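Here is a colleague's note for your first read of this model. Keep the sequence and the 3D view open while you go through the points.

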Amino acid sequence: MFKMMSSPHTHSGKLTARIMLWVALAMLPALGAQVYYFGFGVLIQSLLAISLALVLEFMVTRLRKKPNLFYISDFSVVLTALMLAMAIPPYAPYWVILIGTFCAVILGKHVYGGLGQNLFNPAMVGYVVLLISFPVQMTAWLPPVALLNEPPSLQDAYQLIFHGITTDGFSLHQLANSIDGITQATPLDSVKTASKINMAISEINQSPIFVEVMPFESELNLGLGWAQINLFFLLGGVFLIWKKIIHWQIPTAFLATMLLVSGIHWLTSSYAPSPLWQWFSGATMFGAFYIATDPVTSSITPKGKLIFGAIVGLLVCLIRFNGNYPDGVAFAVLLANICVPLIDHYTRPRVAGYKRK
């Protein structure tokens with residue numbers, strides 16, 4: 001007797017664990033750039049997030065009477081924790097990343113039944129909970145360490161995260177204001193604030209956090225550190241497309257829509273930065289290649305992926321230009337996640353032998 005098995009009978013070899021490890025590997029250059037430009041805090045945050053995520057995964061699968069090792073070994077919870085750790089300020093208090101990780105794993109994933117059942121991107125669920133609940137801590141970004149008189153060491157990073165001061169007794173606020181003209185505002189924060197008071201783009205360039213990264217981008221220099229990290233996310237994303245870990249439709253539609261909408265905004269407003277500046281600021285490339293492409297919460301049809309990516313890109317622009325938050329990637333992805341069932345319903349490929357109604 002033959003053993004009866006349900007389809008599909010072919011295997012691509014792309015196990016969940018292998019996919020998650022490839023994505024994590026593609027993120028490592030951007031992680032290294034974040035350490036180089038903003039210090040060691042992200043490493044401590046990553047360690048805290050991954051440790052708690054593994055504990056929570058073990059506890060929940062134990063309560064649900066599921067095989068613990070099977071679910072932990074797919075590395076999905078590790079990738080979620082790493083994404084969240086790279087999204088928050090590197091020197092946020094330790095309890096911030098712990099709360100965010102709890103919300104991501106429990107509220108973003110296991111409340112719906114675990115991997116494959118969740119409606120929303122878990123990492124972005126945790127991030128949005130933190131951003132809404134703790135806006136002060138979630139906007140406390142230090143300038144790049146190259147601009148600081150006292151760059152925090154690994155021990156200083158530990159002290160800042162767990163005690164709020166460095167080994168020399170400096171707080172985040174004191175470190176950020178150690179040089180004239182330096183604040184804790186990110187480049188996106190600075191541009192948004194300037195647009196509200198009708199400040200000319202050329203005046204913003206006076207801040208040391210803006211540097212000439214690209215010679216042809218002279219109207220408003222790109223943010224030091226932010227542009228380089230976005231570039232590494234872009235290179236990692238292209239690598240994932242080449243490896244066929246992610247599909248090209250979502251990042252392409254995301255970036256093309258941003259280019260179009262921000263281009264129109266740039267041409268019609270004297271206080272708007274160029275589309276290229278928008279591409280290499282904030283979490284643009286992180287969102288385009290790693291967050292929006294989540295295979296569980298994004299559209300699954302080829303046309304649907306294009307529509308989904310375009311929706312995310314449009315919402316990011318609308319939030320950046322008109323919202324209260326300087327960057328809108330997390331909100332845009334979660335709002336687009338809501339639309340996925342409808343998108344997939346209307347973009348389903350026609351089954352052979354059947355006519356469209």
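The numbered points below go from the whole chain to single residues.

1. Overall make-up. This is a predicted model. The chain has 357 residues, and 51% of them are buried. It holds 17 helices and two strands. Take the contacts between residues at least 6 apart in sequence: 73% of them join residues at least 24 apart.

2. The main core. Start with the largest nonpolar core, which has 97 residues. Met27, Tyr127 and Tyr290 have the most contacts inside it. Helix H1, residues 16–38, gives this core its largest share, eleven residues. Two domains feed the core: domain 1 (15–142 + 144–181) and domain 2 (184–346) each supply at least three residues. As general background, nonpolar side chains in soluble globular proteins tend to be buried together.

3. Methionine 27. What does methionine 27 touch, beyond its neighbours within four places in sequence? Its partners are Leu79, Leu82, Met83, Met86, Phe286 and Tyr290. Tyr290 is also one of the residues with the most contacts inside the core.

4. Threonine 186. Look here with the record in mind. The unreviewed UniProt entry places "modified residue: FMN phosphoryl threonine" at Thr186. Threonine 186 sits in the loop between helix H9 (172–176) and helix H10 (187–196). Is threonine 186 buried or exposed? Its relative accessibility is 9%, so it counts as buried. Leaving out residues up to four places away in sequence, threonine 186 touches Trp141, Ile209 and Trp226.

5. Helices H2 and H5. A helix pair is described by the angle and the distance between the two axes. For H2 (residues 41–63) and H5 (residues 94–107), the axes come within 9 Å and cross at roughly 35°. The crossing is right-handed. On the H2 side, the contact includes Leu48, Leu52, Leu56 and Glu57. On the H5 side, it includes Tyr94, Leu98, Phe102 and Val105.

6. Glutamate 57. This residue belongs to helix H2. Why does glutamate 57 count as buried? Because its relative accessibility is 1%, and the cut-off for buried is under 20%. Neighbours within four places in sequence aside, glutamate 57 contacts Tyr71, Ile72, Val77, Val105, Lys109 and His110. Val105 is also part of the H5 side of the helix contact.

7. Threonine 80. Go next to helix H4, residues 76–87, where threonine 80 lies. Threonine 80 counts as buried because its relative accessibility is 14%. Beyond neighbours within four places in sequence, it is in contact with Ala104, Pro122 and Ala123.

8. Leucine 147. Loops can hold buried residues too, as leucine 147 shows. It lies between helix H7 (135–138) and helix H8 (154–163). Its relative accessible area is 17%, so it is buried. Leucine 147 and alanine 176 are 29 residues apart along the chain, yet their C-alpha atoms are separated by 9.2 Å.

9. Two lysines to check. Lysine 65 is not a glycine, but it has a positive phi of about 55°. It lies in the loop between H2 and helix H3 (68–72). At 74% relative accessibility, lysine 65 counts as exposed. Lysine 244 also has a positive phi, about 60°, without being a glycine. Its loop runs between helix H12 (226–242) and helix H13 (249–268). Lysine 244 counts as exposed, with 63% relative accessibility.

Key
Residues numbered from 1 in each chain as written. Predicted model: local features only at pLDDT ≥ 70, side-chain atom pairs only at ≥ 80, totals over all residues. Heavy atoms only, no water. Core = buried A, V, L, I, M, F, W, Y, C linked by side-chain atoms within 4.5 Å. Buried < 20%, exposed > 50% of the residue type's maximum accessible area, 1.4 Å probe, protein only. Helix = DSSP H or I, 4+ residues; strand = E, 2+ residues; numbered from the N terminus. Domains from an automatic or database assignment. Contact = heavy atoms within 4.5 Å. UniProt positions renumbered as here; feature names shortened; annotations may be inferred. Axes fitted to C-alpha atoms, helices over the stretch in contact; angles between N-to-C directions. Left-handed = near helix turned anticlockwise from the far one by under 90°.
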